[in-house]
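Student: I've got a new model on my screen and no idea how to read it. Can we go through it together, feature by feature?

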Amino acid sequence: MPSDNPTPRALDGVLVLDLSRILAGPTATQLLGDLGATVIKIENPSTGGDDTRSWGPPYVQTIDGKSDLSAYFLSANRNKFSVSADLSTREGQDLVKQIASQAQIVIENYKPGGLKKYGLDYASLSALNPDLVYCSISGFGQTGPNRDQPGYDLMAQGFGGIMSITGDPEGAPMKVGVGIADVMCGMYATIGMLAALRHAEATGEGQQIDLSLVDSQMAWLINEGTNYLTSGSPPKRRGNGHPNIAPYNVFETSDGHVILAVGNDTQFQSFCTAFDRNDLKHDPKFETNPLRLQNRAALETAITETLCARSTGEVISILKSRGVPCGPIHTIDQALSSPQAIARESVVNVPSSTATSGSVNVLGNPLKFSKTPVQYAKSPPRFGEDSKDILALLSQHKSQHRSRKGEN
């Protein structure tokens with residue numbers, strides 16, 4: 001059901017049928033909901049809904065004392081309506097088809113071909129709605145030798161190469177601290193769906209989008225991927241170091257650590273001047289970035305000797321005054337409570353009629369629009385809480401459609 005908010009939203013009038021669960025698909029549909037789309041999330045009653053509802057603690061404390069709002073679920077499910085439907089039943093299939101016939105976008109993350117037996121695959125639903133944008137997310141995609149293998153974020157990070165360059169050089173391969181393969185796949189899905197939606201609106205022609213966790217993870221290997229393609233040498237783990245820039249790392253101070261991110265020769269000269277390190281400034285081994293990379297170990301040893309004698313705050317103050325990129329390493333609580341985070345609304349409080357506190361805190365959308373602002377119209381829903389309202393709305397639309405056609 002659309003929001004009553006009179007402020008225009010970029011995707012007002014767009015109906016999204018969400019058959020996805022866990023993180024990649026829900027991330028994409030949450031973004032669409034933030035932009036004003038009406039998102040109907042279908043959840044299976046036999047499993048208690050989206051798997052992540054039980055991925056806790058922590059949970060939001062609810063009035064009924066039976067919370068299914070895990071913090072994990074909160075991260076990707078605001079601005080959605082939850083409808084209970086069992087796709088293995090005729091009733092559930094008919095409901096989904098009814099929604100799909102009115103929707104502009106459908107997104108699903110079943111195994112390739114998994115929805116065909118229910119008549120909910122792209123071919124079946126596009127026959128009902130030819131301009132439908134249908135996005136399919138899977139571990140490895142709809143084609144290829146690994147097509148039928150399941151896919152999870154950790155597996156995608158391992159298969160796609162990112163773990164081989166993450167972590168301490170002497171340690172084990174390490175995943176990124178959050179489900180970044182899922183999240184980035186969700187972002188690619190959002191871009192793809194919006195592009196296909198524009199095409200459908202211009203031509204009346206829908207299409208299927210085939211997207212995989214592994215494909216998207218390989219795509220954001222960015223410079224490390226092209227480093228390999230250019231040199232033929234597989235990149236190695238460097239901890240916090242950069243493969244193409246030096247000094248660019250985390251350095252120890254007298255009371256913690258500081259990030260130093262020198263991006264060019266001028267900034268390096270400024271760093272040396274700031275700490276009276278003329279020996280480094282005029283050393284031919286460090287004159288250019290390629291030379292600094294070649295002599296990285298000696299350079300970083302010298303920098304550590306300089307910075308470990310000063311506090312983190314002192315180092316940052318000195319370097320900022322010289323225009324040298326640097327910064328602290330915040331814990332999550334420090335990051336989300338910083339003045340910058342507050343000014344940019346990085347945390348948003350959304351009213352919730354089911355939470356004992358009357359609201360829930362979620363991470364804010366980073367997009368800032370001057371004309372069509374992001375909406376936080378609906379807190380993450382309880383399982384199936386909108387089933388009756390959505391069914392009534394669909395019935396109303398169906399009756400109006402029949403009336404316009406002159407049917408009884």
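**Starting from one residue**

Tutor: Let's begin with Ser 82, which is buried, with a relative accessible area of 0%. Keep in mind that this is a predicted model.

Student: Where is Ser 82 found?

Tutor: Ser 82 belongs to strand E3.

Student: And which side chain does the side chain of Ser 82 make a polar contact with?

Tutor: That of Glu 43, at 2.6 Å. If you skip the neighbours within four places in sequence, the contacts of Ser 82 include Lys 41, Glu 43 and Arg 53, and also a run from Pro 381 through Arg 382, Phe 383, Gly 384, Glu 385 and Asp 386 to Ser 387.

Student: Let's move on to the sheet. In what order do the six strands come?

Tutor: The order is E3-E2-E1-E4-E5-E6, in an open sheet with parallel pairing. Strand E3 (81–84) and strand E6 (207–212) stand at the edges with a single partner strand each, so one side of each has no neighbour in the sheet. From one strand to the next, the twist averages 20°.

Student: How many bridges join E2 to E3?

Tutor: Four, and the two strands run parallel. To find the spot by eye, look for Ile 42, which stands opposite Val 83 in E3. E2 pairs with E1 too, again in the parallel sense and over four bridges. There, Asp 18 has Lys 41 in E2 as its bridge partner.

Student: Are the faces of E2 covered or exposed?

Tutor: Both faces are covered. Thr 38, Ile 40 and Ile 42 lie on one side, with Val 39, Lys 41 and Glu 43 on the other, and all are buried. That fits the count for the strand: six of its six residues are buried.

Student: Which helices pack on this sheet, then?

Tutor: Take helix H3 (residues 90–102), which touches strand E1 (15–19), E2, E3 and strand E4 (105–108). The direction of H3 makes about 145° with that of E1. Helix H6 (residues 180–203) packs on the sheet as well, touching E4, E5 and E6, and its direction makes about 165° with that of E6.

Student: There's a three-stranded sheet too. Is its pairing parallel or antiparallel?

Tutor: Antiparallel: it is an open sheet in the order E7-E8-E9. At its edges stand strand E7 (248–252) and strand E9 (326–327), each with a single partner strand, so one side of each is left without a neighbour in the sheet. Five bridges join E7 to strand E8 (residues 257–261), and the bridge partner of Phe 251 in E8 is Val 258. Helix H12 (residues 296–307) packs on this sheet by touching E7 and E8, with its direction at about 40° to that of E7. Helix H13 (residues 312–321) touches E8 and E9, and its direction makes about 20° with that of E8.

Student: Now the rings. How is a pair of aromatic rings described?

Tutor: You give the distance of the centres and the angle of the planes. In this model the count comes to four aromatic pairs. One of them is Trp 55 with Tyr 72, an edge-to-face pair at 5.0 Å centre to centre and 80° between the planes. That pair links distant parts of the chain, 17 residues apart: Trp 55 sits in the loop between strand E2 (38–43) and helix H2 (71–74), and Tyr 72 in helix H2. Trp 55 counts as partly exposed at 37% relative accessibility, and Tyr 72 counts as partly exposed at 30%.

Student: Can you show me another pair?

Tutor: Sure: Phe 140 and Phe 159 are edge-to-face, with 5.0 Å between centres and 85° between the planes. Phe 140 is in the loop between strand E5 (133–138) and helix H5 (153–159), while Phe 159 is in helix H5, 19 residues apart. Phe 140 is buried at 13% relative accessible area, whereas Phe 159 counts as partly exposed at 44%.

Student: Which charged residue sits over the ring of Phe 286?

Tutor: Lys 285, whose charged end is 5.2 Å from the ring centre. Likewise, Arg 292 lies over the face of Phe 268, at 4.6 Å from the ring centre.

Student: Let's zoom out. How many helices and strands does the protein chain have?

Tutor: It has 16 helices and 11 strands. Of the 408 residues in the chain, 45% count as buried, and the C-alpha trace spans about 90 × 50 × 40 Å along its principal axes.

Technical notes. Residues are numbered from 1 along each chain as its sequence is written. This is a predicted model: local features need pLDDT of at least 70, side-chain atom pairs count only at pLDDT 80 or more; totals for chains, interfaces and linings use all residues. Side-chain values use heavy atoms; hydrogens and water are left out. Rings of Phe, Tyr and Trp (its six-membered ring) pair if their centres lie within 6.5 Å; planes under 30 degrees apart count as stacked, over 60 as edge-to-face and the rest as tilted. Buried means under 20% relative accessible area, exposed over 50%, partly exposed in between (1.4 Å probe, protein chains only). A charge sits over a ring if NZ of Lys or CZ of Arg is within 6 Å of the ring centre and within 35 degrees of the ring normal. Two strands pair if DSSP finds at least two bridges between them. Axes are lines fitted to C-alpha atoms, for helices over the stretch in contact, and angles run from 0 to 180 degrees between N-to-C directions. Contact means heavy atoms within 4.5 Å. A polar contact is a pair of N or O atoms within 3.5 Å; within protein, one must be able to donate a hydrogen and the other to accept it, and residues adjacent in sequence count only if both atoms are side-chain atoms.
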